[in-house]
Amino acid sequence: MSFCLKGIYGCKNASYDLLKYNQGHWLGEIRTFRREIKDELKDSPSLKPYILEIFDECYQDARLEASDRSQLPLDIFPLIPIGSLEQILDDWLPIQKNEG
């Protein structure tokens, strides 16, 4: 989730060159983590209730990590999760891919 947050809020607060440089990496990491989580859930469907149980805690940890890594103030990142677990695991991301 920290890559999602950096992708959304880091992009809004970064220069175009920094955005262009980092966006592909962030999107690739998001895709990799999504695939790994989906694979784990496929192997152990009983994990889904646990993931839902810890989702908010994980989101708050992701806010802290995104703030640390981006060096942006913590209050830039919303307190409420930016999407549901289903949205985050889907191919959804509320940023535009850099086309050039």
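Visitor: Helix 3 has a kink, so to speak; on which residue is the kink centred?
Guide: This is a predicted model, where local features need pLDDT of at least 70, side-chain atom pairs count only at pLDDT 80 or more, and totals for chains, interfaces and linings use all residues. Residues are numbered from 1 along each chain as its sequence is written, and side-chain values use heavy atoms, with hydrogens and water left out. Helix 3 covers residues 47-70 (helices are DSSP runs of H or I, at least four residues, and strands are runs of E, at least two, numbered from the N terminus). The kink is about 50° (the angle between axes fitted to the seven residues ending at a residue and the seven starting there), and its centre is F55.

Visitor: What pattern does the chain follow along the sequence?
Guide: There are 4 helices in the chain and 0 strands. Read along the sequence, that comes out as α-α-α-α.

Visitor: How much of the chain is buried?
Guide: "Buried" is a matter of relative accessible area (under 20% is buried, over 50% exposed, in between partly exposed; 1.4 Å probe, protein chains only). In helix 3, the buried residues are I54, F55, Y59, A62, R63, A66 and S67. Over the 100 residues of the chain, the buried share is 34%.

Visitor: Is I88 buried or exposed?
Guide: You'll find I88 in helix 4. I88 and R34 sit 54 residues apart in sequence, yet their C-alpha atoms are 7.8 Å apart in space. With a relative accessibility of 9%, I88 counts as buried.

Visitor: Which residue forms a salt bridge with K48?
Guide: The whole structure has 2 salt bridges (a side-chain nitrogen of Lys or Arg within 4 Å of a carboxyl oxygen of Asp or Glu). In K48's bridge, the closest N and O atoms are 3.6 Å apart. K48 lies in helix 3 and its partner in helix 4, so the pair ties together parts 38 residues apart in sequence. K48 is partly exposed at 33%, and the partner, partly exposed at 44%, is E86.

Visitor: And R69, which residue does it form a salt bridge with?
Guide: This one stays inside helix 3, where the two residues are 4 apart, about one helical turn. An α-helix has 3.6 residues a turn, so residues three or four places apart point the same way. R69 is exposed at 60% relative accessible area, while its partner is partly exposed at 31%. The closest N and O atoms are 3.0 Å apart, and the partner is E65.

Visitor: Which residue just after helix 3 takes a positive phi?
Guide: Look in the loop between helix 3 and helix 4, the latter being residues 85-89. The residue there has a phi of about 60° although it is not a glycine. It is exposed, with a relative accessible area of 71%, and its name is Q71.

Visitor: What is the relative accessible area of E40?
Guide: E40 belongs to helix 2, residues 16-43. Together with E36, D39 and D43, E40 forms a negative surface patch (for charges, a patch joins like-charged residues within 9 Å that have over 30% relative accessible area and no salt bridge). E40 counts as partly exposed, its relative accessible area being 46%.

Terms used. Patch = residues over 30% accessible without salt bridge, like charges linked within 9 Å, V, L, I, M, F, W, Y side chains within 5 Å. Areas by Shrake-Rupley, 256 points an atom, 1.4 Å probe, with all protein chains shown as cover. Lys, Arg positive; Asp, Glu negative; His and termini not counted. Charge placed at Lys NZ, Arg CZ, Asp CG, Glu CD.
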